[in-house]
Amino acid sequence: MLKLHHHPMSAASRFVRLVLAEYGERCELVEERPWERRRDFLMLNPAATLPVLIEDNGPPIVGGIVVGEYLDETRGAFQRDKRLMSEKPLERAEARRLTEWFLKKMESEVTRYLIRERVFKLEMRPEDGGGAPDASAIRAARTNLKHHLRYLGWLVEARDWLAGPKLTYADMAAAAALSTLDYIGEVPWDSEPQAKDWYMRMKSRPAFRILLTERVRGLPPSLNYAELDF
């Protein structure tokens with residue numbers, strides 16, 4: 001049995017959930033508010049970061065990229081054509097590069113700030129860092145998002161999928177990150193039609209359905225969040 005400690009607006013958590021859904025794996029979800037530094041959670045991951053995967057009461061597997069590699073080795077390797085990593089080393093390297101791009105680089109320049117300022121601060125107590133959003137952080141993240149969206153559009157204009165001819169972890173990572181921002185209406189889709197078309201393809205996948213039906217307490221999604229054709 002798989003258990004995933006996550007937050008519904010954590011991009012790395014969503015990445016893992018999309019991978020699990022693509023592979024048809026059921027998983028028990030445990031929602032965490034990492035800023036609360038819950039004692040039992042810190043015993044699993046002293047860094048208090050998400051996600052954390054546990055299989056059959058085994059040791060914790062920490063971090064979206066690490067969990068993704070674990071799932072590729074334990075599930076993906078047996079999926080044949082449905083594997084979310086290529087059999088070719090260079091194509092695997094490109095998928096890993098882009099997975100890191102969207103789960104680390106974009107997180108550090110965009111996602112972390114928009115989600116913290118517009119979502120997490122609503123849930124945080126003042127002593128944990130809650131309060132009014134930082135307008136300067138939001139402005140900087142929005143500017144950075146335009147560059148990432150332009151890069152994504154360039155990738156899909158030249159390729160069938162982000163990392164090459166087949167769906168890979170790169171697409172899962174990008175879709176996970178953008179879905180959190182799409183929930184709060186922060187993605188200027190009309191500025192990048194190629195990226196928008198790719199995202200509509202991702203939203204139409206059965207694995208995406210659970211994300212589109214979820215709601216964050218006290219924060220309704222943007223009007224087009226659940227629309228497949230927007």
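The largest nonpolar core of this predicted model has 66 residues, and the members that touch the most others are Phe-15, Leu-152, Leu-162, Leu-178 and Trp-198. As background, nonpolar side chains in soluble globular proteins tend to be buried together.

Where does this core draw its residues from? At least two residues each come from β1, α1, α3 (64-74), α4 (89-123), α5 (135-158), α6 (169-183), α7 (193-203) and α8 (209-213). Helix α6 gives the largest share, 11 residues.

Let me take one of those residues, Trp-198. Leaving aside residues up to four places away in sequence, Trp-198 is in contact with Leu-152, Val-156, Trp-161, Leu-162, Asp-171, Ala-174, Ala-175 and Leu-178. Two of the names on that list, Leu-152 and Leu-178, came up a moment ago among the core residues that touch the most other members.

Trp-198 is also one of the buried residues of α7, along with Ala-195, Lys-196, Tyr-199, Met-200, Met-202 and Lys-203. Two lysines are in that group, Lys-196 and Lys-203. The cover over these buried residues includes α5, α6 and α8.

Next, α6 and its neighbour α4. The axes of these two helices come within 8 Å and cross at roughly 10°. An angle under 35 degrees counts as roughly parallel, so α4 and α6 are roughly parallel to each other. Which residues meet between them? On the α4 side there are Ala-95, Leu-98, Thr-99, Phe-102, Leu-103, Met-106, Val-110, Thr-111, Leu-114 and Ile-115. On the α6 side they meet Tyr-169, Ala-170, Ala-173, Ala-174, Ala-177, Leu-178, Thr-180 and Leu-181. Ala-174 and Leu-178 are also on the contact list of Trp-198.

A word on how the chain is divided in the records. In an unreviewed entry, UniProt lists residues 88-222 as "domain: GST C-terminal". That span is 67% helix and 0% strand, and its end C-alpha atoms lie 39 Å apart. The UniProt entry, again unreviewed, lists residues 1-79 as "domain: GST N-terminal". Here the chain is 37% helix and 19% strand, with the end C-alpha atoms 19 Å apart.

Now to the strands. They form an open sheet of 4 strands in the order β2-β1-β3-β4, with mixed pairing. The edges are β2 (28-31) and β4 (61-62), each of which pairs on one side only. Helix α1 (residues 11-22) packs on this sheet and touches β1 (2-6) and β2. The direction of α1 makes about 155° with that of β1.

Inside the sheet, β1 and β3 are antiparallel, with 4 bridges between them. Strand β3 (residues 52-55) also runs antiparallel to β4, joined by 2 bridges. Val-52 has a partner on either hand: His-5 stands opposite Val-52, and Val-62 is its bridge partner in β4. For Leu-53, the bridge partner in β4 is Ile-61.

Are the side chains of β3 buried or exposed? In a regular strand, side chains alternate between the two faces of the sheet. In β3 both faces are covered, with Val-52 and Ile-54 buried on one side and Leu-53 and Glu-55 buried on the other.

The last stop is the backbone on either side of β3. Before the strand, in the loop between α2 (39-44) and β3, sits Pro-51. The peptide bond joining Leu-50 and Pro-51 is cis, with omega about 0°.

After the strand comes the hairpin of β3 and β4, with 5 residues between the strands. Asp-56 lies in that loop, and so does Asn-57. What is phi at Asp-56? It is near 50°, a positive value in a residue other than glycine. Asn-57 also has a positive phi, near 60°. As for accessibility, exposed means over 50%, so Asp-56 counts as exposed at 52%. Asn-57 is exposed too, with a relative accessible area of 78%.

To go back over it: the largest nonpolar core takes at least two residues from β1 and from each of seven helices, α1 and α3 to α8. Strand β3 is covered on both faces, while Asp-56, in the loop that follows, is exposed.

Conventions. Residues numbered from 1 in each chain as written. Predicted model: local features only at pLDDT ≥ 70, side-chain atom pairs only at ≥ 80, totals over all residues. Heavy atoms only, no water. UniProt positions renumbered as here; feature names shortened; annotations may be inferred. Pairing = 2+ DSSP bridges. Contact = heavy atoms within 4.5 Å. Axes fitted to C-alpha atoms, helices over the stretch in contact; angles between N-to-C directions. Buried < 20%, exposed > 50% of the residue type's maximum accessible area, 1.4 Å probe, protein only. Core = buried A, V, L, I, M, F, W, Y, C linked by side-chain atoms within 4.5 Å. Parallel < 35°, antiparallel > 145°, perpendicular 65-115°, else oblique.
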